[in-house]
Amino acid sequence: MGRPIKLTSTSASIDYFRICDPEGVCHVVKGMRKVQLRIEQMPELLVTKLPPHWRAEVTT
């Protein structure tokens, strides 16, 4: 049998962003990389970084 696997939780430093299109349809995205990918596809998107207390409400 192999080595035991250590389970870890997600880093608390992951940021959440609200991405809105020009029509006002918004989505919440986790992580800057996903934001970058979406902006490459649709440069007209508006991005707002959500405050840390918002993240605490989402994860609990």
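**Fold, core and disulfide of a predicted chain**

Of the chain's 60 residues, 18% count as buried. The model is predicted. Its mean pLDDT is 80, and 67% of the residues reach 70 or more. Confidence varies along the chain. The highest mean, 94, falls in strand 3 (residues 46-49). The lowest, 61, falls in helix 2 (residues 52-59).

The chain contains two helices and three strands. Their order along the sequence is β-β-α-β-α. Among contacts between residues at least 6 apart in sequence, 42% join residues at least 24 apart. The chain exposes about 5,100 Å². Carbon and sulfur atoms supply 57% of that area.

Strand 1 and strand 2 form a hairpin, with five residues between the strands. Strand 1 covers residues 16-20, and strand 2 covers residues 26-30. The two strands pair in the antiparallel sense, over five bridges. Within this pairing, tyrosine 16 stands opposite lysine 30 of strand 2. Glycine 24, in the hairpin, takes a positive phi near 95°.

The structure holds one disulfide. This bond joins cysteine 20 to cysteine 26, with an S to S distance of 2.0 Å. The torsion about the S-S bond is about 110°, so the disulfide is right-handed. Its two cysteines differ in accessibility. Cysteine 20 has a relative accessibility of 14% and therefore counts as buried, the cut-off being under 20%. Cysteine 26, at 37%, is partly exposed. That value lies between the limits of 20% and 50%.

In soluble globular proteins, nonpolar side chains tend to be buried together. The largest nonpolar core of this model has five residues. They are Phe17, Ile19, Val29, Val35 and Leu45. Valine 35 touches three other members of this core, Phe17, Ile19 and Val29. Valine 35 also touches Val47. These contacts leave out residues up to four places away in sequence.

Isoleucine 19, another core member, is found in strand 1. Its relative accessible area is 2%, so isoleucine 19 is buried. Which residues does isoleucine 19 contact, leaving aside its neighbours within four places in sequence? Val25, Cys26, His27 and Val29 are among them. So are Val35 and Arg38. Leu45, Leu46 and Val47 complete the list. One of these partners, Cys26, belongs to the disulfide. Val29, Val35 and Leu45 are core members. Isoleucine 39 lies 20 residues from isoleucine 19 in sequence. Their C-alpha atoms are 9.1 Å apart in space.

Leucine 50 is found in the loop between strand 3 and helix 2. Is this loop residue buried or exposed? Leucine 50 has a relative accessibility of 9% and so counts as buried. Its contacts, leaving aside neighbours within four places in sequence, are Tyr16, Phe17, Arg18 and Val28. Tyr16 is the residue that stands opposite lysine 30, and Phe17 is part of the largest nonpolar core. Leucine 50 and valine 29 are 21 residues apart in sequence. From C-alpha to C-alpha, the distance between leucine 50 and valine 29 is 9.9 Å.

Methods: Residues numbered from 1 in each chain as written. Heavy atoms only, no water. Disulfide = S-S within 2.5 Å. Buried < 20%, exposed > 50% of the residue type's maximum accessible area, 1.4 Å probe, protein only. pLDDT = per-residue confidence, 0-100. Helix = DSSP H or I, 4+ residues; strand = E, 2+ residues; numbered from the N terminus. Core = buried A, V, L, I, M, F, W, Y, C linked by side-chain atoms within 4.5 Å. Contact = heavy atoms within 4.5 Å. Areas by Shrake-Rupley, 256 points an atom, 1.4 Å probe, with all protein chains shown as cover. Pairing = 2+ DSSP bridges.
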